[in-house]
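Hi,

Here is the structure I promised to pass on. Have a look at it first, and then read on for what turned up.

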Amino acid sequence: MKHQLALFLAFSTALSLFAQIPNAAYLAKREAYVVGLMKKMTLDEKLGQLNLVTGGEATTGSAVSTDVETKIKAGKIGGIFSMSTPTRIRKTQELAVNQSRLKIPMFFGMDVIHGYKTLFPIPLGISSSWDLGLIEKMARISAVEASADGICWTFSPMVDIARDPRWGRIAEGSGEDPYLGSQIARAMVKGYQGNGFYQTNTIMACVKHFALYGSAEAGRDYHTTDMSKVRMYNEYLPPYKAALDAGAGSIMASFNEIDGVPATANKWLLTDLLRRQWGFKGLVVSDYTGIPEMVYHGVGDTQTVAAKALMAGNDMDMVSESYVNTLGKSLKEQKVTLAQIDLACRRVLEMKYNLGLFTDPYRYCDENRAKTEIFTAEHRAEARKAAGKSFVLLKNDKQTLPLAKRGTIALIGPLADNKENMAGTWSVSGDFTKCVSLEEGIKSVAGNVTILKARGSNIYSDARLDANVSIFGKATNRDPRSDADMIAEAVATAQKADVVVAALGEAAEMSGEASSRSDIEIPENQRDLLKALIKTGKPVVLVLFTGRPLAIQWEHNNIPAILNVWFGGTEAGNAIADVLFGDVNPSGKLSATFPRNAGQIPIYYSYKNTGRPYGGNGVDFAKFQSNYLDVPNSPLYPFGYGLSYTKFEYSPVTLSKNTLAMAVPKDVINVSVTISNTGNYDGEEVVQLYIRDKVRSITPPVKELKGFQKIALKKGESKTVTFALRVEDLKFYNGELKFVAEPGEFLVFVGTSSSEVKEAGFTLK
C-alpha cells in the first residue's frame, strides 16, 4: 500500500509539473490531435466552436440563447455557461458527443465569483483580509464545489483596478492598488486551477475584464475609458499580466473602449499586447453580447463588428451568436480569412484538450462528488473564518467593541434579520435561504444576550429605489409603515437596551454589475434612524453592510463604533457575531480608499503631486495650492487602514545598507521593523511596505505599495518583520514604455496603513 501511495504521489507530482509547463511531447500530441480534427471540420463546425451560449440558469444581460439543443446537434455550439448539476450537464454533453457529426465536447462555465454554493465574502471584502493563503483557499474550495457540479470554467478572477466607488463593480474586484491586485490575481488563479487540469476538482480561470474596465468615466457601468499608455502599464495592466503569468487559461475582453477602439475589437490590446508582448497562448472570449454592443459604439453593423472582433484576436463570442451568423458571409466577401477563423477555432480546441474533455467528456459529471463535496461543514467553517478576517473596524471610541456576552442588545435595521442579502452581489449559485443572518449569528455566539428587535427603517424610503435593489432573490422585505413610525419603534426599543447594534448600509444589489450610484452616502432615511438612536444616549455600534467605499463622514463624526462587514457570504451572521463579541479580533485593512464625499472621487493613496501641492501646515485651506475650499484633501479612511481591538506599535525603520547597486541584479536592501502588541488582546496586523522614487524621468506617485506581511502577535509579543528590496522592485514603465529602474534617491515607508508609516531613505546607484 505504501509503495502504491508513493507511486501515486510521484505520478501526481509529475503531472503537476507537466500541467504547469507543458513539455514538447505533450504539445506535439495536442497539435497532432487538433490539426487532425480541424481537417475534418466544415466551416460551420469551426464557427460553432466559437459560439458560447447560455443555459439559462443565470444571465448578466437581456439576451437569452434559444433552440440550444438543435444547435448542439448541428455542431454549432462550442460551450454553454450558466448550467449546472452533473445530471443536466451530462445529458447536454451527450447531445454533442453522441449526436453531432464530429462528437466534439463542450465547455461548461459559470460565474463562480466568491464561492459556488458555499459563499465567501465579496471580492472587495476578501481583498481586505490581505491574506493570500486564505484567498487561494477560497478559490480552491470554489473550484472543488463548482467542478463537483459539472462546471469546468469560471469567469473569474476580476482584476480590474477601480478608484471610483460610484462604479458598482468595484465590489467584484480587489480595490485600487496594482501590487495588491496582482498578488490576489495570482492567488485566485492558483486556487481555481490548482496544480493542473489533470485534476477533476480544478476549473479553468478566466481573467476579466481586459482591459481598464474599472476606470469607467463617471463611475457608470459600461461607460467609456480614456488614459495614457504610461498609466495603463504602470497602474492598470499589472494584475492582468500577473494572472496570466500564473497560468490562467482564458481572458475576457471588456466592454469599454481603449484609444477609441472597443476592447472586443482592439487589435493592439488582444494581439499586439496580449499575444505578442505578453506571449499569451490561451483563449480570449468576449463579454456577454460584447460583440454586437459595438454597433452602439459606432464602429459598424453586426457583420462588420464581428469581423473586427475576430481579426483583433477575440476567439469566442459570448451569447450573441454574431460569429455563427455573420462570419461565413464575411469569409465569402473576403472581409475575414479562413486562417483567422482556423486560429480562433484552434485555440478553443486546444483548451478543451488541456481540460481533458476529448479523453473524457464527462469527467466533471460525477454525481457522488456532487453529493459529498458541496456546501460541506468544512467549507462553511472556512467561509466563516474568511469573513471574520475580511471585516474592517473603522472606528471604536472608548472601546465600545467588543461587546459583552450579557445584558440586552437592541438589534435594529433592515439588515438585522435578512438572510438573503448576506451573500452580496455575484452569488448566482448560492442558496440564500441557507445564509446566516446577523440575528442568528448573535444568538449562536452570545447565547446569554437578550435581543430586542426593531426594523427602524427600510433600505430606501423611496419604494421605487427599494424595488430596484430587491432583485435576484435578495428581497429587502420592505415594511409598509412610515419612516416616522419605524424610527419611533426603534427608539423605544433602544431605550430598553444596554447597547444598540444597527445593521445598516447597502442591500446586496446596490453594488455589482449595472449598480452604479451617484450618491454613495448611506440613504437619508437610514441616517435619520441613526440620528434618533444617538439621541437615546445608548452606545451605538454601526454594522455597516456595503459593496463599495461609502462616504460616511457624518457617521464617523457621530457613531462610537463602526464595523464594516461588506457582504460576508453564507456564514456572514456568525462571522459578524464572532467579531462583535471578541471571539475574533478584526484584522481587515481597506483595499480601497473611503472618501469624505463624492466630490473627492477619484481618490486613492498613490496620487501624484502637482506643481502646487497642498502643504498642510495645520490649516484647512491654502490659496493657490491644490486643495478644496470645503474639505481636506485627505480621505476619510485611507488605503490600508483598519483598526484592531489591540494596539500595535512600530519601531523605527532600519535598513541593512543605504545603497542598492543597479549593476548587481541580486543585490538586496533588507528593510526591517519591529512590531509590538501593546494592547490587551491577541491580534493580527498587516505590515505594509511602500516606496517613493524622489526623482525620475516621469512623475512618480507619492507612495507605491511594494510588499506586505500579515503577522499574528500574542498580547505583549514583539516580532521583527523584514522585507527584501531589490532593483526589480524599483522598476517602472518610462515614457517609452520600457521597464526600467533609474538611479537616484528613494524613500521607504513601513506602517499600519498608507498614511501611518515610519520612513527611511536609500540610494540606487
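Which residues of H7 meet which residues of H8? On the H7 side they are Leu132, Ile135, Glu136, Met138, Ala139, Arg140, Ser142 and Ala143. On the H8 side they are Gln183, Ile184, Ala187, Met188, Lys190, Gly191 and Tyr192. By type, the residues of this contact split into nine nonpolar, three polar and three charged. Before going further, please keep in mind that this is a predicted model.

As for the geometry of that pair, H7 covers residues 132-148 and H8 covers residues 178-193. The two helices pack at an angle of about 35 degrees, and their axes are 7 Å apart. The hand of the H7 and H8 crossing is right-handed.

Next, the sheet. Five strands make up an open sheet, and if you walk across it the order is E4-E3-E2-E1-E10. The pairing is parallel. At the edges sit E4 (153-154) and E10 (317-318), each of which pairs on one side only. E1 (residues 51-54) is joined to E10 by two bridges, with the two strands running parallel. If you want a place to click, try Leu52, which stands opposite Met318 in E10.

There is another parallel pair to look at. E5 (residues 206-210) and E6 (residues 250-253) are joined by three bridges and run parallel. Cys206 has Ser250 in E6 as its bridge partner. How many of the five residues of E5 are buried? Five of the five are, so the strand is largely enclosed by the rest of the structure. E5 also holds His209, and the peptide bond that joins Lys208 and His209 is cis, with omega about -5 degrees. You may want to inspect that one yourself.

A second cis peptide bond joins Ile601 and Pro602, again with omega of about -5 degrees. Pro602 lies in the loop between H23 and E17 (648-650).

While you are looking at backbone angles, two residues have a positive phi without being glycines. One is Asp259, with phi of about 55 degrees, in the loop between E7 and E8 (261-262). With a relative accessibility of 45%, Asp259 counts as partly exposed, because that value falls between the 20% limit for buried and the 50% limit for exposed. The other is Leu737, where phi is about 60 degrees; this residue is found in the loop between E24 and E25 (739-740). Leu737 is partly exposed too, at 27% relative accessibility.

E7 and E24 come up again around H9 (residues 229-236). The buried residues of H9 are Met232, Tyr233, Glu235 and Tyr236. What covers them? The cover includes H8, H10 (238-245), E7 (257-258), H11 (267-277) and E24 (732-733).

Now some single residues. Is Gln49 buried or exposed? Its relative accessibility is 3%, so Gln49 counts as buried, the cut-off being under 20%. Gln49 is in H3 (residues 43-49), and its side chain makes a polar contact with the side chain of Lys352 at 2.6 Å. Leaving aside residues up to four places away in sequence, Gln49 touches Met41, Ile77, Gly78, Ile104, Met316, Cys345, Val348, Leu349 and Lys352.

Then there are two glutamates in loops. Glu571 sits between E16 (561-566) and H23 (572-580), and with a relative accessible area of 5% this residue is buried. Not counting residues up to four places away in sequence, Glu571 touches Arg380, Ala383, Arg384 and Val436.

Glu756, in turn, is placed in the loop between E26 (744-751) and E27 (757-764). Here the relative accessible area is 54%, so Glu756 is exposed. How far apart are the C-alpha atoms of Glu756 and Ala484? They are separated by 42 Å, with the two positions 272 residues apart along the chain.

That is what I have for now. Over to you!

Cheers

How values were computed: Residues are numbered from 1 along each chain as its sequence is written. This is a predicted model: local features need pLDDT of at least 70, side-chain atom pairs count only at pLDDT 80 or more; totals for chains, interfaces and linings use all residues. Side-chain values use heavy atoms; hydrogens and water are left out. Axes are lines fitted to C-alpha atoms, for helices over the stretch in contact, and angles run from 0 to 180 degrees between N-to-C directions. Helices (H or I, at least four residues) and strands (E, at least two) are DSSP runs, numbered from the N terminus. A crossing is left-handed if the near helix is turned anticlockwise from the far one by less than a right angle, and right-handed if clockwise. Contact means heavy atoms within 4.5 Å. Ala, Val, Leu, Ile, Met, Phe, Trp, Tyr, Cys and Pro count as nonpolar, Asp, Glu, Lys and Arg as charged, and the others, Gly among them, as polar. Two strands pair if DSSP finds at least two bridges between them. Buried means under 20% relative accessible area, exposed over 50%, partly exposed in between (1.4 Å probe, protein chains only). A polar contact is a pair of N or O atoms within 3.5 Å; within protein, one must be able to donate a hydrogen and the other to accept it, and residues adjacent in sequence count only if both atoms are side-chain atoms.
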